[in-house]
Amino acid sequence: MALRHHRQAIALHRVLAQAGLPRHKPLQRASIIEPYLPFIEQTLEKFPSLTASRLYAMARERGYRGLPTHFRHLVALHRPRKPAEAFLRLRTLPGEQGQVDWAHFGHIEIGNARRPLMAFVMVLSYSRDIYLRFFLDARMENFLRGHVGAFNTWCGLPRVLLYDNLKSAVLERQGDAIRFHPTLLTFAGFYRFEPRPVAVARGNEKGRVERAIRHIREAFFIARKFTDLDDLNAQAEQWCRNQAADRPCPEDRTITVRQAFVQEQPLLLPLPANPYPVEEQVAARVGKTPYVRFDLNDYSVPHAHVRRTLSVRADLGLVRVFDGAKMIASHRRSYDRDQQIEDPQHLKALVAIKREARQHRGLNSLARAVPACQTLMIRAAERGANIGAITTAMLKLLDLYGAQELQAAVEEALHAGASHSRSVRDLLERRRVARGAPPPVETSLPEHVRRKDTTVRPHRLDSYDQLTLGGKDDE
C-alpha cells in the first residue's frame, strides 16, 4: 500500500528521532475571519437569531473577503447555543383535564371535490383514553361536533380542556390577556368546563394529545384503507375502543388505558339533560333561479322564494332551508362540488307555472290582436280541448295570415259552430285561394326584430323636476 511519503523524508524523521531532537510541525496560517471574530461574537450575543447571510453582508462591509459558504461554517462554530431546557413531569388527577387538537391527514377526493381530511383528537390526561373522529374541514361547527362526540362516548367530560392557540378557541392574545371565541365560551358554559389555552409556542404543555396524534399516525392511519369518510370513522372508533384502549397506561404501566379509564370515568362531570345543538347556519341569497348555494353545491327551493335571502341550516347529513321560521326545503347533504341537488316537486311546480304563464301570455296577445279568438277559446274550453295547443296554433296562423284575415276566418268558424284551429286554418286557405293570393311563407325572425314596432310608453319627465326641487330644499 502506498504511504504517499518520500523515502528520504521518512529516513530524515527517523534520524532526528534517534538523535532526540524535537519534531517540528508545519506552521498554521491565521484564518482570515480572526480579525472579525470580536465583531461577530458581539453581534451574535446581542442578536442570537441573526442569520449567517445577514452577518456575512455586515462582515463584507467591514472588509471581509472570504466565501459565504466558508463564512457560514465558521459562524456556526461561534454562534451561542441555547441552554437545554428541563421540564417537570406533569401529573393530573382523574377527571381533571383533557387535551384537544386538530391534525391534518392529507386530502380526500369526493367526486369533483378535493377536501382536507382533518382529525379531531381529544385525550383524557389521566387515563390517556383517545377520542378520534375525522372531518372534511376544521370549522367551528365540526370543532364542537368533535367535543360532543367525545363527551357522549365517555358519558362525561373533564373539568378543564387544554387548547393550542387555534382560532376556534382563541381569537386574540396579548401576553396573559386572552380573548376567547364567543361560541366556544357559550359551549363551555353549557357543559360547565373551563377552556384553558397553553402558553404561546409551548406545545409541551399539551404533550399528551401531541403524542396521541403521533400514535394515531403510526399505529392507525399509516397503510389504512377505507372507502369513504364514514368507513374511516367506523374504523377509528373500533381502534380507539380496542387496540388504543389495550395499550399500557403511561401513568401506571401495570394497568391498561382501559382499566385507567374505568377508574376515571366516575369522576368526570355529568352530561346535561339535552345535547348542545350544533348546526351550520348561513344566510343565502336566491337569484332568479330557485337554488341556494351552500358548501360548493346548489340546493333547490320552491320557485316562490326567488330573489330573497333565506337561512340555511345544515348538519353532517342534512341541509334545510328556512324562510324566517318556516322550513321550505330539506335535502341530503352533498360533499361533492358544483352539484345541483333538487327536489322533483320544486321543479315540477316551476314547470307547471311556466307553462301556465306562457299560455296566459299567448292568450292575451291573441285576444288583443284578434278579439274573436276569445269566444273561440271559451267554446274550445267547454268541449275540453287543449287550450295550450290551440293557442300555439292560432298564434302561428296570426303570423302567417295577419290579424284582419284571422279575425274574419274566426268569425266565420264561430258562425258555422266550429271551435278548433284546424277549422280556422281551412277557412283561411279557402279565402286565400278565392282571392288568388300566393301561399304564405313562414319566416322565423329574431325576438328584437319581431318586437321592433312595439309601442313604448314614454316616461314622465316631471319626476326629474321633483328631484331638482328636492335638492334645492335640502340646500
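**Note on the predicted model: sheets, hairpins and helix contacts**

1. Start with the five-stranded sheet. It is open, and its strand order is E3-E2-E1-E4-E7. The pairing in this sheet is mixed. Two strands form the edges: E3 (130–135) and E7 (194–197), each of which pairs on one side only. Ignoring direction, neighbouring strands here are turned by 25° against each other on average. Keep in mind that this is a predicted model.

2. Next, the antiparallel part of that sheet. Strand E1 (residues 97–110) runs parallel to one partner and antiparallel to another, E2 (residues 113–124). Eleven bridges hold the E1 and E2 pairing. One pair to locate on screen is Ala 103, whose bridge partner in E2 is Ala 119.

3. The connection between these two strands deserves a look. E1 and E2 make a hairpin, with two residues between them. Gly 111 sits in the turn and has a positive phi of about 65°.

4. Now the parallel part. E1 is joined to E4 (residues 160–163) by three bridges, and these two strands run parallel. Gln 97 stands opposite Val 160 in E4. Gln 99 stands opposite Leu 162 in E4. In a regular strand, side chains alternate between the two faces of the sheet.

5. There is also an open sheet of four strands. Its order is E10-E13-E14-E15, and the pairing is antiparallel. Strands E10 (280–285) and E15 (326–332) are the edges, each pairing on one side only. The average turn between neighbouring strands of this sheet is 25°, direction ignored.

6. Within the four-stranded sheet, look at E14 (residues 318–323). E14 pairs with E15 over six bridges, in the antiparallel sense. Val 321 is a useful marker: it stands opposite Ala 329 in E15.

7. A further hairpin is built from E11 (residues 291–294) and E12 (residues 297–300). These strands run antiparallel and are joined by four bridges. Val 292 has Tyr 299 of E12 as its bridge partner. Two residues lie between E11 and E12. Asp 295, in the turn, has a positive phi of about 50°.

8. Turn to the helices. H2 (residues 37–46) and H3 (residues 52–61) have axes that come within 11 Å and cross at roughly 140°. H2 and H3 are therefore oblique to each other. Their crossing is right-handed.

9. Which residues make the contact between H2 and H3? From H2 come Phe 39, Ile 40, Thr 43 and Leu 44. From H3 come Leu 55, Met 58 and Ala 59. By class, this contact counts six nonpolar residues, one polar and no charged.

10. H12 (residues 387–401) and H14 (residues 421–435) make another helix pair. Their axes come within 10 Å and cross at roughly 15°. Angles under 35 degrees count as roughly parallel, so H12 and H14 are roughly parallel to each other. This crossing is left-handed.

11. The residues that meet in the H12 and H14 contact can be listed by helix. H12 supplies Ile 390, Ala 393, Met 394, Leu 397 and Tyr 401. H14 supplies Ser 421, Val 424, Arg 425, Leu 428 and Glu 429. The classes are seven nonpolar, one polar and two charged.

12. Leu 428 also marks a spacing worth checking. Its C-alpha atom is separated by 8.6 Å from that of Ala 408, 20 residues away along the chain. Ala 408 is found in helix H13 (residues 403–415). Is Ala 408 buried or partly exposed? Ala 408 has 21% relative accessibility, so it counts as partly exposed. The buried class requires under 20%.

13. Last, the overall figures. The secondary structure comes to 16 helices and 16 strands. The protein has 475 residues, of which 36% count as buried. Take the contacts between residues at least 6 apart in sequence: 59% of them join residues at least 24 apart.

Terms used. Residues numbered from 1 in each chain as written. Predicted model: local features only at pLDDT ≥ 70, side-chain atom pairs only at ≥ 80, totals over all residues. Heavy atoms only, no water. Pairing = 2+ DSSP bridges. Axes fitted to C-alpha atoms, helices over the stretch in contact; angles between N-to-C directions. Parallel < 35°, antiparallel > 145°, perpendicular 65-115°, else oblique. Left-handed = near helix turned anticlockwise from the far one by under 90°. Contact = heavy atoms within 4.5 Å. Nonpolar A, V, L, I, M, F, W, Y, C, P; charged D, E, K, R; others polar. Buried < 20%, exposed > 50% of the residue type's maximum accessible area, 1.4 Å probe, protein only.
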